[in-house]
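User: I'd like to practise reading a fold from its coordinates, one feature at a time. Could you walk me through it?

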Amino acid sequence: MSQKFAVALIEVAKSYGDVAALAKFSLEVQRGELVCLLGPSGCGKTTTLRLIAGFAKPSYGRVFIEGTDVTAKPPHVRDIGIVFQHHALFPHLSVFENVEFGLRNVGAKKTERMSRVTEMLATVRLSGLAERYPRELSGGQQQRVALARALVLRPAVLLLDEPFSSLDAQLRIHMRDEVRSLVHQLKTTTILVTHDQEEALAISDRIVVMNKGCIEQVGVPSEIYDVPNSRFVAEFIGRCNLLPCNATGRERAVIIGDNQALSISNQPTAQRGVVAIRPEHLTVADGSALNRLRVEVVQFIYLGARTHLRVKMQDQNMLVDLPSVQAKGLTIGDQFDLSVDSKFARFLS
């Protein structure tokens with residue numbers, strides 16, 4: 001089975017003494033796929049990356065790269081490239097020499113080194129900066145050098161450990177888009193570690209949401225956002241209203257608040273739980289709207305094209321994200337009806 005995947009973790013677990021950093025789990029990454037390990041600090045995502053890289057050995061389980069069991073093998077024979085949070089460029093070497101460094105280590109001939117480094121610098125748009133030193137580069141340019149140094153070896157797997165966290169917000173967005181384009185162009189299997197939800201949604205083919213050493217959910221970005229399978233995922237990914245509810249016994253229906261019936265997208269799995277609704281999935285109800293919720297405006301934040309409302313439904317506070325044309329005329333204290341499409345309302349136990 002593991003031979004079908006670029007990376008396969010088979011029932012891996014990791015403990016440091018009595019502290020369990022990772023519970024036992026399995027994960028497969030397809031060839032050419034960009035997978036993001038997402039979660040809060042201490043959730044185990046960096047430990048997972050270290051197991052794949054060979055910087056740590058699992059307490060239990062096995063690690064495969066391109067079908068080969070590398071569990072006991074050191075990092076330098078695993079056919080991986082790594083880009084760290086801090087680029088770790090050699091300050092005394094030029095851009096060209098930094099990118100060439102790994103090729104020298106594996107004994108590549110000079111003509112091959114010249115050809116591959118020149119090609120890679122062109123790929124990351126740094127051809128004109130080959131003779132500069134890291135101190136003469138911007139943060140984004142240094143990041144590209146680090147990527148080029150990792151990719152010039154044509155690794156089976158590229159590992160990215162919070163690679164954009166040291167960049168300013170605008171450059172961070174630019175670089176994540178560049179990286180996504182680059183690794184898909186080169187068809188390089190890539191595993192990215194981040195705690196930034198927006199980054200994970202924007203860059204990933206699939207997201208692995210982690211919490212307390214466990215995998216909470218694996219899926220494509222739209223699935224993770226629209227169909228969370230736990231309260232943790234619903235709250236960690238974006239903003240979400242979690243409304244206490246009781247099952248009615250009828251198919252895909254619950255009661256919230258003061259005997260308010262609500263149709264939902266899935267069948268309740270327990271008598272009590274919450275309904276998860278994203279703020280942008282609530283709309284001002286028209287005369288024919290179903291799934292109506294009577295609310296009162298508590299806070300009003302105008303943001304141009306969008307308006308954010310904090311509203312109260314009986315004793316339950318909710319966030320609402322409306323187009324400003326829908327919110328026009330509303331003020332604090334106003335009461336009105338909201339509606340939600342049942343396909344965007346999900347029961348979580």
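**Cysteines, helices and packing**

Analyst: Sure, starting with the cysteines. This is a predicted model, and the sulfur of cysteine 36 sits 10 Å from the closest cysteine sulfur, in cysteine 43, which is too far for a bond.

User: What cut-off applies here, and how many disulfides does the count come to?

Analyst: A disulfide needs a pair of cysteine sulfur atoms within 2.5 Å. By that rule the count is zero disulfides. Seen from the other side, cysteine 43 is in no disulfide either, as its nearest cysteine sulfur, that of cysteine 36, is 10 Å away.

User: Is cysteine 36 buried or exposed? And what about cysteine 43, buried or exposed?

Analyst: Buried means under 20% relative accessible area. Cysteine 36 has a relative accessible area of 0%, so it is buried. Cysteine 43 comes in at 1%, so it is buried too.

User: Now take a whole helix. How many residues of helix 1 are buried?

Analyst: The idea is to go residue by residue and then look at the tally. Helix 1 covers residues 45-53, and seven of its nine residues are buried, so the helix is largely enclosed by the rest of the structure. The buried ones are Lys45, Thr47, Thr48, Leu49, Leu51, Ile52 and Ala53. Just after helix 1, have a look at the backbone: glycine 54 takes a positive phi of about 95°.

User: How should I read a pair of helices? Say, at what angle do helix 2 and helix 4 cross?

Analyst: Start with the general pattern along a helix. An α-helix has 3.6 residues a turn, so residues three or four places apart point the same way. Then compare the axes: those of helix 2 (residues 95-105) and helix 4 (residues 139-151) come within 7 Å and cross at roughly 30°. Angles under 35 degrees count as roughly parallel, so helix 2 is roughly parallel to helix 4. The crossing of these two helices is right-handed.

User: Which residues of helix 2 and helix 4 meet?

Analyst: Val95, Asn98 and Val99 in helix 2 meet Val145, Ala148 and Arg149 in helix 4. Sorted by class, the residues of this contact are four nonpolar, one polar and one charged.

User: And where does helix 3 fit in: at what angle does helix 2 cross helix 3?

Analyst: The axes of helix 2 and helix 3 (residues 110-123) come within 10 Å, with a crossing of roughly 130°. That makes helix 2 oblique to helix 3. Handedness is right-handed for this crossing. On the helix 2 side, the contact uses Val95, Phe96, Val99, Glu100, Leu103 and Arg104; on the helix 3 side, Arg113, Met114, Arg116, Val117, Thr118 and Leu121. By class, the contact of helix 2 with helix 3 has seven nonpolar, one polar and four charged residues.

User: Let's try a single residue. What does phenylalanine 232 touch?

Analyst: For one residue, place it first, then list its neighbours. Phenylalanine 232 is found in helix 8 (residues 231-236). Leaving out residues up to four places away in sequence, phenylalanine 232 touches Pro40, Val209, Met210, Asn211 and Glu216. Between phenylalanine 232 and valine 209 there are 9.4 Å, C-alpha to C-alpha, and they are 23 residues apart in sequence.

User: Zooming out, what does the secondary structure of the protein come to?

Analyst: Nine helices and 20 strands. The C-alpha atoms fill a box of roughly 75 × 45 × 35 Å along the principal axes. Of the 349 residues, 49% are buried. Among contacts between residues at least 6 apart in sequence, 65% join residues at least 24 apart.

Note on methods. Residues numbered from 1 in each chain as written. Predicted model: local features only at pLDDT ≥ 70, side-chain atom pairs only at ≥ 80, totals over all residues. Heavy atoms only, no water. Axes fitted to C-alpha atoms, helices over the stretch in contact; angles between N-to-C directions. Helix = DSSP H or I, 4+ residues; strand = E, 2+ residues; numbered from the N terminus. Parallel < 35°, antiparallel > 145°, perpendicular 65-115°, else oblique. Left-handed = near helix turned anticlockwise from the far one by under 90°. Contact = heavy atoms within 4.5 Å. Nonpolar A, V, L, I, M, F, W, Y, C, P; charged D, E, K, R; others polar. Buried < 20%, exposed > 50% of the residue type's maximum accessible area, 1.4 Å probe, protein only.
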